[in-house]
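Let's walk through this model together, one stop after another. Keep the viewer open as you read.

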Amino acid sequence: MIGSTIARMNILVGATDRATPVLGNILGTLGKIAVVGGAIAGITIFSKQCIDSAVRFEETLTNSLVMFDNVDNAMRKKMAKAARDLAKEIPRSANECAEAYYYLGSAGLDAATALEALPTIGKFAVATNLSMAEAAQVATTTMKQWEIPVSELPHYLDMMTKAMKSALMTQEDMNEAMEYVAGTAKSFGIGLDEVTTALALFADAGIKGSMAGTVLRRIIINLLAPTEEIKKGLDELGIKVYDEQGKFRGLTTVLGELIPALKDLTEEQRNHYIELIAGARAISGFNKLVTAGTERFNELREAIQNADGT
């Protein structure tokens, strides 16, 4: 009885031993099939994603190029390549880069100018942490406000970026201020370097956005087209706005002399002149400028005037 049972067990063990390699081969084959199937599924998903991405890019590009007149196939290919190439250089997608064309076109730029401006806008977007759409809008607004060609755009955006990075100012602050002061400054021949220096200085003193633009506009008008009362005040402070040839000495030059001229006055006297020249709302902030003195002013002016590749 025992011998018979042992014999049966030996037969079962032998059968199991012989079956193990076969089962292993079957399981191995099934595993390989699963791996291959998974790889194929992964490739399929990846391919679909690539196709979807390409389709979205073409749709975005088409929608953007509607804003331009007469974009032929050759120009379309150039603009598509530029958007894709830029996306390889900066942390922005090709889709976002193509979308920027829409805002450039809506601002009145032609296709060739938009193509030339795109790399500059990409760098500006990264430097200021803006989307490509936002950067494009700032760039086109700057070009219109200061009437500059696209070739000068890099330096202008560099100055704005440097001003923001050198002071307690955001892009929104800069945009709002420019809405109020850019036109006036341009009409009086005052450059962006002087305006951004003044705005950076104001931002440090807590005068920002629309208030900064309004205050600076008032200062410019009161300095260059002063009333008799303001003329008298400037004379009392010893401030010369125009040189002997009747030419404006420059906003930063005049402000650089006005700040120390106010420093040694009593608070009452200082507030009187600040209100006269900049308005009552600027008294608190302007007093901070006076306290800071000309050292900070000169530091900002030099940094912004020399801004290239910021």
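**A threonine and its surroundings**

Setting aside its neighbours within four places in sequence, T142 makes contact with E147, I148, Y156, L157 and M160. Keep in mind that this is a predicted model. T142 itself sits in helix α5, which covers residues 132–146. Its relative accessible area is 3%, so T142 counts as buried, the cut-off being under 20%.

One of the contact partners of T142 is E147, and this residue deserves a stop of its own. E147 lies in the loop between α5 and α6. Its phi is positive, about 50 degrees, although E147 is not a glycine. With a relative accessible area of 62%, E147 is exposed, whereas T142 is buried.

Another residue with a positive phi is N129, where the angle is near 60 degrees and the residue is again other than glycine. You will find N129 in the loop between α4 and α5. Its relative accessible area is 67%, so N129 counts as exposed, the cut-off being over 50%.

Now step back to the whole chain. How many helices and how many strands does the chain have? There are 13 helices and 0 strands, so reading from the N terminus you meet one α element after another, given that the elements are numbered in that direction. Of the 310 residues in the chain, 41% are buried. The accessible surface amounts to about 16,700 Å², and carbon and sulfur atoms account for 55% of it. If you take the contacts between residues at least 6 apart in sequence, 68% of them join residues at least 24 apart.

Next, please look at two helices, beginning with α9. Does the span of its 16 residues agree or disagree with the expected value? At 1.5 Å a residue, α9 should span 22 Å, and its end C-alpha atoms are 23 Å apart, which agrees. The buried residues of α9 are G209, A212, G213, V215, L216, I219, I220, N222, L223 and L224. An α-helix has 3.6 residues a turn, so residues three or four places apart point the same way. With that in mind, you can follow the buried positions, including A212, V215, L216, I219 and I220, along the helix. Their cover includes α7 (171–187), α8, α10 (228–237), α11, α12 and α13.

That list of cover brings us to α13, which runs over residues 283–305. A straight helix of 23 residues would span 33 Å at 1.5 Å a residue, but the end C-alpha atoms of α13 span only 27 Å. Where is the kink in α13 centred? The kink is centred on G293 and comes to about 95 degrees. G293 is also one of the buried residues of α13, and the others are I283, G285, F286, N287, L289, V290, F297, L300 and I304. What covers these buried residues includes α6 (153–166), α8 (192–204), α9 (209–224), α11 (251–263) and α12 (267–278). Helix α9 is thus part of the cover of α13, and α13 is part of the cover of α9.

From I283 in α13 you can cross over to H272, a residue of helix α12. The two residues are 11 apart in sequence, and their C-alpha atoms are 8.8 Å apart in space. I283 is buried, while H272, at 42% relative accessibility, counts as partly exposed.

A comparable sequence-against-space look is possible at D110, which is located in the loop between α3 (94–106) and α4 (111–128). D110 and D69 are 41 residues apart in sequence, yet 7.4 Å apart from C-alpha to C-alpha. The side chain of D110 also reaches the backbone nitrogen of T113, at 2.7 Å. At 45% relative accessibility, D110 is partly exposed.

The last stop is about aromatic rings. A pair of such rings is described by the distance of the centres and the angle of the planes. The count comes to 3 aromatic pairs. Among them is the pair of Y102 and Y103, which is edge-to-face, with 5.3 Å from centre to centre and 80 degrees between the planes. Both members are partly exposed: Y102 has a relative accessible area of 35%, and Y103 has 23% relative accessibility.

Note on methods
Residues are numbered from 1 along each chain as its sequence is written. This is a predicted model: local features need pLDDT of at least 70, side-chain atom pairs count only at pLDDT 80 or more; totals for chains, interfaces and linings use all residues. Side-chain values use heavy atoms; hydrogens and water are left out. Helices (H or I, at least four residues) and strands (E, at least two) are DSSP runs, numbered from the N terminus. Buried means under 20% relative accessible area, exposed over 50%, partly exposed in between (1.4 Å probe, protein chains only). Contact means heavy atoms within 4.5 Å. Accessible areas come from the Shrake-Rupley method with a 1.4 Å probe; for residues, only the protein chains shown count as cover. The expected span of a helix is 1.5 Å times one less than its number of residues. The bend at a residue is the angle between axes fitted to the seven residues ending there and the seven starting there. A polar contact is a pair of N or O atoms within 3.5 Å; within protein, one must be able to donate a hydrogen and the other to accept it, and residues adjacent in sequence count only if both atoms are side-chain atoms. Rings of Phe, Tyr and Trp (its six-membered ring) pair if their centres lie within 6.5 Å; planes under 30 degrees apart count as stacked, over 60 as edge-to-face and the rest as tilted.
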